[in-house]
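Q: I'd like a close look at just one part of this model, please. Pick the spot you'd zoom in on and talk me through it in one go.

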Amino acid sequence: MSALFGGAASSLSVAPGSAEPARHTAAAAGSPQPAEDLNALIGEAAKDLADYQRLTAEGKLGEAGQKLEELKRALEKLNTRQK
């Protein structure tokens with residue numbers, strides 16, 4: 001995988017055992033995103049926010065911080081789509 005991205009380490013982090021790596025691959029492909037992908041990005045942001053709130057309430061601040069970073073990335077993707 002490092003050959004694909006010029007040997008640079010990925011800035012995306014996923015918790016071990018998580019099934020989330022696939023959700024970041026669509027935007028990385030660089031292809032134009034149809035309206036369904038816009039809805040998927042909105043759903044992703046909503047899920048990240050809900051997870052962040054749940055983890056914060058449970059006192060799992062480290063995991064909540066990771067979800068907050070994922071939410072920021074999802075919002076950045078939505079912002080770049082609008083430009």
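A: One cut-off before we start: a residue is buried if its relative accessible area is under 20%, exposed if that is over 50%, and partly exposed in between. R54 has a relative accessible area of 39%, so it falls in the middle class, partly exposed. Keep in mind that this is a predicted model.

R54 is a handy way into the part I'd pick, the contact between α2 and α3. First, the setting. The chain has three helices and zero strands, and along the sequence that reads as α-α-α. Of its 83 residues, 20% count as buried. If you take the contacts with a separation of 6 or more, 55% of them come from residues 24 or more positions apart.

Now the two helices themselves. The axes of α2 and α3 come within 8 Å of each other, with a crossing angle of roughly 160°. Roughly antiparallel is therefore the right label for this pair, and their crossing is left-handed. On the α2 side, the contact includes L38, L41, I42, E44, A45, K47, D48, D51 and Y52. From α3, the residues taking part include L61, A64, K67, L68, E70, L71, K77 and R81. Sorted by type, the contact residues come to 14 nonpolar, one polar and nine charged.

Those charged residues are what I'd look at next. The structure holds eight salt bridges. One of them pairs K77 with E44, with 3.5 Å between the closest N and O atoms. K77 sits in α3 (residues 61-82) and E44 in α2 (residues 35-57), so this salt bridge ties together parts that are 33 residues apart in sequence. Both partners, K77 and E44, are buried.

Another salt bridge stays within one helix: K67 and E70 meet at 3.4 Å, N to O. Both belong to α3 and are three residues apart, about one turn of the helix. K67 and E70 are each buried. Salt bridges with shared partners link this pair into one network with K47, D51, R54, E58 and K60.

That brings us back to R54. Its side chain forms a salt bridge with that of E58, at 3.6 Å from N to O. How accessible is E58? Its relative accessible area is 43%, which makes E58 partly exposed. So R54, at 39%, shares the partly exposed class with its partner, while elsewhere in the network K67 and E70 are buried.

Two more residues of α3 are worth a click. K72 lies in that helix and is partly exposed at 40% relative accessibility. The C-alpha atoms of K72 and D48 are 9.1 Å apart, for a gap of 24 residues along the chain. E69 is in α3 too, and its relative accessible area of 38% makes it partly exposed. From E69 to Y52 the C-alpha distance is 9.6 Å, with their positions 17 residues apart in sequence.

Put together, this part has two roughly antiparallel helices, a buried salt bridge pair, K77 and E44, and a network of salt bridges that takes in K67, E70, R54 and E58, among others.

Key: Residues are numbered from 1 along each chain as its sequence is written. This is a predicted model: local features need pLDDT of at least 70, side-chain atom pairs count only at pLDDT 80 or more; totals for chains, interfaces and linings use all residues. Side-chain values use heavy atoms; hydrogens and water are left out. A salt bridge is a side-chain nitrogen of Lys or Arg within 4 Å of a carboxyl oxygen of Asp or Glu. Helices (H or I, at least four residues) and strands (E, at least two) are DSSP runs, numbered from the N terminus. Buried means under 20% relative accessible area, exposed over 50%, partly exposed in between (1.4 Å probe, protein chains only). Axes are lines fitted to C-alpha atoms, for helices over the stretch in contact, and angles run from 0 to 180 degrees between N-to-C directions. Angles under 35 degrees count as roughly parallel, over 145 as roughly antiparallel, 65 to 115 as roughly perpendicular and the rest as oblique. A crossing is left-handed if the near helix is turned anticlockwise from the far one by less than a right angle, and right-handed if clockwise. Contact means heavy atoms within 4.5 Å. Ala, Val, Leu, Ile, Met, Phe, Trp, Tyr, Cys and Pro count as nonpolar, Asp, Glu, Lys and Arg as charged, and the others, Gly among them, as polar.
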